[in-house]
Structure formats: C-alpha cells, structure tokens
Amino acid sequence: MRIAYASYPHSTSNCFPRINQPEISLKNMQKGFTLIELMIVVAIIGILAAVALPAYQDYTIRAKVSELVLAASAFKTTISEKAQNDNSLISSGLGLTVCATGKVASGTVADTGTLKIAGSAGTVGTPVTIVLVPSLATDGKVLWTCLYGDGSSPKYVPAECRASASAF
C-alpha cells in the first residue's frame with residue numbers, strides 16, 4: 001500500500017512534505033568567537049594580571065622577611081637562657097655573632113641582647129631590618145618586642161613588628 005503526499009510548492013520531492021523554514025547553510029553559521037570578543041577577554045586577563053602580580057610580589061617578600069625572624073629564634077633562646085640565669089640582660093648577648101646565611105644578609109647582637117637581623121634586596125627582595133628588643137619581666141620571663149629598622153618598609157614586616165625602631 002502506498003501513501004500519497006500532497007505536493008507543496010517548495011518541495012523538490014513528492015515523498016516528504018517540506019515545511020516553509022529558512023534554509024540554514026554551514027557557510028552562514030558563525031563558528032568560534034569574533035575578534036572583539038577575544039580582545040575583551042585578553043583585556044580582562046591583562047587587568048587581572050596587573051592587579052595580582054604586585055600583590056603576589058609583596059606576599060613573597062613578606063614570606064622571606066618572616067624567615068629573618070625565624071633565623072633570630074636561636075639567638076633569642078640563648079639570650080633568654082643567659083638573662084634568666086643571671087636575672088639580668090646586661091651581658092645576655094655577649095659573645096654572640098650573626099652569620100650571613102640564607103636570607104640573612106647581616107646582623108648584630110648587642111651585649112644587652114638586642115638583635116638586629118637584616119635582609120638585602122638580593123636575599124629577600126628589598127632592604128629590611130628586623131630589631132628584636134628583650135625586656136626582663138618581674139617574674140623572670142624574657143619578653144621580646146619586634147620592631148623594624150630604619151629604611152625598612154612596614155608593609156613587608158610581620159604584623160607584630162610594625163612599630164618603628166626609631167621610636168625606641
């Protein structure tokens with residue numbers, strides 16, 4: 001049994017009816033992105049990079065500066081032990097020498113136990129000096145005050161070291 005279809009004016013075949021739809025060819029379809037869309041994406045990535053890179057550089061310098069405080073911990077222990085044994089800070093730093101290793105570019109230890117640890121532009125990315133000042137509490141504990149030295153930017157030092165050493 002054969003089914004006959006009605007012939008439509010735009011039909012090229014009598015077998016299947018054609019519905020009036022606009023013809024879509026692959027040549028007329030858009031493929032990919034336009035140049036302006038790509039330029040907008042590149043501009044957005046450029047703006048994000050311009051904001052993120054300086055923040056990342058500050059972060060890496062701060063991480064390196066925190067290593068200066070860590071390098072001073074061995075000296076803090078020695079000074080604290082001497083101060084507690086003598087019940088005085090007068091000669092607690094006597095004979096201690098800071099060697100330039102790792103992130104530490106230079107450093108000094110005063111006879112009273114005050115530590116100065118410096119990093120240079122080559123070791124931490126910017127010249128920074130951390131000053132650790134001991135004080136002896138009435139119960140015999142040694143308390144440390146962390147400061148930053150002259151020429152150092154407070155934005156690179158740890159939060160507890162943001163007081164300037166020139167104030168003391």
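User: How many helices and strands make up the secondary structure of the protein?
Analyst: This is a predicted model, in which local features need pLDDT of at least 70, side-chain atom pairs count only at pLDDT 80 or more, and totals for chains, interfaces and linings use all residues. Residues are numbered from 1 along each chain as its sequence is written, and side-chain values use heavy atoms, with hydrogens and water left out. Helices (H or I, at least four residues) and strands (E, at least two) are DSSP runs numbered from the N terminus, and from that end the elements run α-α-β-β-β-β-β. The secondary structure therefore comes to 2 helices and 5 strands.

User: In what order do the strands form the open sheet?
Analyst: Two strands pair if DSSP finds at least two bridges between them. Strand β1 (residues 106-109) is joined to β2 by 4 bridges and runs antiparallel to it, while 5 bridges join β2 to β3, again antiparallel. The pairing in the sheet is mixed, and the 5 strands form an open sheet in the order β1-β2-β3-β4-β5.

User: Which strands stand at the edges, each with a single partner strand?
Analyst: In a sheet with the order β1-β2-β3-β4-β5, an edge strand has a single partner, so one side of it is left without a neighbour in the sheet. The strands at the edges are β1 and β5.

User: Which residue of β3 is the bridge partner of Ile-117?
Analyst: Ile-117 lies in β2, where it is the bridge partner of Gly-107. On the β3 side, the bridge partner of Ile-117 is Ile-130.

User: Which residue takes a positive phi in the hairpin of β1 and β2?
Analyst: The hairpin of β1 and β2 has 5 residues between the strands. The residue with a positive phi, near 100°, is Gly-113.

User: Which element gives the most to the largest nonpolar core?
Analyst: A nonpolar core is a set of buried Ala, Val, Leu, Ile, Met, Phe, Trp, Tyr and Cys residues joined through side-chain atoms within 4.5 Å, where buried means under 20% relative accessible area and exposed over 50%, with partly exposed in between (1.4 Å probe, protein chains only). The largest such core has 21 residues, and Val-65, Leu-68, Leu-115, Val-128, Ile-130 and Val-157 have the most contacts inside it. The elements that give two or more residues to this core are α1 (35-71), α2 (73-86), β2 (115-119), β3 (128-136) and β4 (142-148). With 4 residues, the element that gives the most is α1.

User: Is Ser-152 buried or exposed?
Analyst: Ser-152 is found in the loop between β4 and β5 (163-164), and its side chain reaches the backbone nitrogen of Thr-129 at 2.7 Å. Leaving aside neighbours within four places in sequence, Ser-152 is in contact (heavy atoms within 4.5 Å) with Pro-127, Val-128 and Thr-129. Its relative accessible area is 9%, so Ser-152 is buried.

User: Which residues does the disulfide join?
Analyst: A disulfide is a pair of cysteine sulfur atoms within 2.5 Å, and a search of the whole structure finds 1. The pair links distant parts of the chain, 15 residues apart, with one partner in strand β4 and the other in the loop between β4 and β5. Both partners are buried, the link is right-handed with 90° about the S-S bond, and the S to S distance is 1.7 Å. The residues joined are Cys-146 and Cys-161.

Definitions and conventions:
A polar contact is a pair of N or O atoms within 3.5 Å; within protein, one must be able to donate a hydrogen and the other to accept it, and residues adjacent in sequence count only if both atoms are side-chain atoms.
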